[in-house]
Amino acid sequence: MQQHNVLILDFGSQYTQLIARRVRELNIYCEIHPYNNPPKELENFKAVLLSGSPSSVRSEDPPHPDLSEIRGKKPLLAVCYGAQYLAHFSGGLVGQSNTREYGRANLSFVKEDELFFEGISAGSQVWMSHSDTIKELPTNGLRLASTHDVENAAYRIEGEETYAIQFHPEVYHSTDGKQLLENFLVKIANVAQTWTPDSFVESTVAALQEKVGNEKVVLGLSGGVDSTVAAVLLHKAIGENLHCIFVNNGLLRKNEFTDVLKQYEGMGLNVKGVDASDRFMDALTGITEPEAKRKAIGRVFIEVFDDEAHQIEDAKWLAQGTIYPDVIESVSVNGGPSATIKSHHNVGGLPDFMKLKIVEPLRMIFKDEVRRVGASMGIDKELLGRHPFPGPGLGIRILGDITKEKVRILQEVDAIFINGLKENGLYDKVWQAGAMLLPVNSVGVMGDERTYEKVVALRAVESTDGMTADWVNLPYEFLQKTSNDIINKVKGVNRVVYDISSKPPATIEWE
Ligand code: XMP
């Protein structure tokens with residue numbers, strides 16, 4: 001159990017995760033819980049934050065939880081809707097705003113508050129995003145700051161460690177937002193800044209030992225960051241009782257199966273590489289429809305994984321690389337599409353007949369924290385910086401039917417592209433990159449010969465989470481050289497195009 005927890009009560013704002021990230025960046029542990037299902041044991045939390053919300057305090061069925069166990073009993077910081085609801089709950093008045101309260105604004109202090117505003121100067125830029133406003137402060141409310149359009153931009157309740165702000169401290173447009181969060185959490189609520197990757201490793205290893213004991217755990221490695229970090233954590237906790245399975249579906253990148261397997265073995269992991277390429281190829285024969293391909297790949301994966309897991313005698317647990325955004329999604333106020341996300345994310349959905357208990361060592365941390373935790377355990381930087389790669393692999397980058405020859409062509413193309421990005425210092429500037437093999441031939445000329453060969457599309461995107469993405473403006477010289485290399489070196493390809501579509505409306509993968 002973490003000693004210095006911060007509770008974030010979520011009212012459904014798109015920024016709630018961002019609040020949690022900012023708090024974690026301060027080396028403070030926090031958890032998001034939906035307002036309508038708060039944790040029972042409030043004594044585990046040293047401070048509480050109330051998030052924003054798309055709702056209005058005045059709407060028909062607004063989030064109106066009872067705050068009486070929190071307000072005045074714990075340090076409380078309410079943000080945006082949270083600030084409005086706190087006012088409403090405590091005897092104030094919230095109404096429709098007369099002016100547009102969206103975008104940048106500048107703070108002017110009305111009352112001094114040494115701790116809350118320490119290090120923040122008058123005029124500091126903040127980000128507003130609301131259509132309601134606090135017309136009358138709650139009982140014992142004390143206005144602390146205003147902006148040009150928002151009279152009650154910040155207030156506190158006298159005699160309590162209760163603060164509220166109508167702007168969003170978690171977004172970068174609020175230039176001193178992080179300082180404000182730090183002032184509240186550290187100076188006012190006295191929360192210790194002890195949440196570090198090392199402390200996470202230490203507490204997680206201990207918790208895993210307690211939970212799993214001497215029982216065996218099976219884990220499907222994918223070569224990606226999450227499953228690798230989960231494996232190394234479990235290995236630290238239970239050693240040889242962790243049995244990893246790394247399946248070659250025949251749709252991995254060039255040499256990936258052998259390279260990554262070697263790397264895993266070098267890390268001391270107890271890992272079995274299973275080459276099931278032929279099984280996957282057989283199942284994919286003649287299938288062209290994208291969803292049918294995904295389903296076939298997922299089904300065979302489960303079959304192979306299950307066969308292997310059954311060979312591990314007395315395996316009681318299945319470990320998964322689920323990370324915090326997936327968890328938040330599944331418990332969020334809005335109840336996100338967690339089921340589908342998880343079946344993508346993990347080992348393709350768990351067949352009921354496996355009857356294993358689930359252990360998820362990363363379920364409380366964000367992607368960037370997974371990387372920091374991995375680095376603190378000495379995992380190779382290159383492995384931690386790998387681009388995301390979809391579970392169905394090149395199978396969803398070969399449009400139309402899949403053959404071994406097409407896989408070979410795409411592996412060569414992809415390797416030239418990815419190695420080129422690395423050699424030119426571009427790999428780490430791109431969130432994800434890859435190549436697609438299109439189901440069309442085009443006419444070309446090589447020497448004096450007419451050719452009629454395949455077209456490939458290169459794709460490189462910027463993103464933070466894959467939900468939205470934009471194509472990367474790669475240097476023309478780089479694209480020119482890459483295109484030449486591909487056409488000269490990969491037999492069967494005579495044309496290269498670059499994908500300049502953003503997501504939405506396109507997606508990152510073509511299928
Ligand atoms: P799309 O194509 O939906 O991709 O824009 C968003 C991100 O998800 C990855 N992706 C997958 N990952 N199994 C996975 O593990 C899948 O079936 C799958 N489909 C897409 C994609 O590579 C990108 O990072």
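These are my notebook entries on a helix, a ligand site and a sheet in a predicted model.

**Entry on the helix.** I looked up α8 and found that this helix runs over residues 290-310, which makes 21 residues. From the first C-alpha to the last I read a reach of 30 Å, close to the 30 Å expected at 1.5 Å a residue. I then asked which residues of α8 are buried, and the list holds K293, R294, A296, I297, V300, I302, V304, F305, D306, E308 and A309.

**Entry on the ligand.** I next turned to the 13 residues around the ligand, among which R294, Q432, K503, I508 and E509 come nearest. R294 thus appears in my notes twice, since R294 is also on the list of buried residues of α8. Sorting the shell by kind, I noted 5 nonpolar, 5 polar and 3 charged residues.

For the polar contacts I wrote down the distances to oxygen atoms of the ligand: a polar side-chain atom of E509 lies 2.5 Å away, a polar backbone atom of I508 is at 2.7 Å, and a backbone N or O atom of G391 lies at 3.1 Å. The ligand on its own has 500 Å² of accessible area, and the protein covers 80% of that.

**Entry on the sheet.** I traced an open sheet of 8 strands with mixed pairing, in the order β2-β1-β3-β4-β10-β9-β8-β6. Its edge strands are β2 (29-34) and β6 (108-109), each of which pairs on one side only. Within this order I looked at β8 (residues 141-146) and β9 (residues 154-157), which run antiparallel and are joined by 4 bridges. Here I also noted that R143 stands opposite Y155 in β9.

Terms used. Residues are numbered from 1 along each chain as its sequence is written. This is a predicted model: local features need pLDDT of at least 70, side-chain atom pairs count only at pLDDT 80 or more; totals for chains, interfaces and linings use all residues. Side-chain values use heavy atoms; hydrogens and water are left out. Helices (H or I, at least four residues) and strands (E, at least two) are DSSP runs, numbered from the N terminus. The expected span of a helix is 1.5 Å times one less than its number of residues. Buried means under 20% relative accessible area, exposed over 50%, partly exposed in between (1.4 Å probe, protein chains only). A residue is near a molecule or strand if one of its heavy atoms lies within 4 Å of it. A polar contact is a pair of N or O atoms within 3.5 Å; within protein, one must be able to donate a hydrogen and the other to accept it, and residues adjacent in sequence count only if both atoms are side-chain atoms. Accessible areas come from the Shrake-Rupley method with a 1.4 Å probe; for residues, only the protein chains shown count as cover. Ala, Val, Leu, Ile, Met, Phe, Trp, Tyr, Cys and Pro count as nonpolar, Asp, Glu, Lys and Arg as charged, and the others, Gly among them, as polar. Two strands pair if DSSP finds at least two bridges between them.
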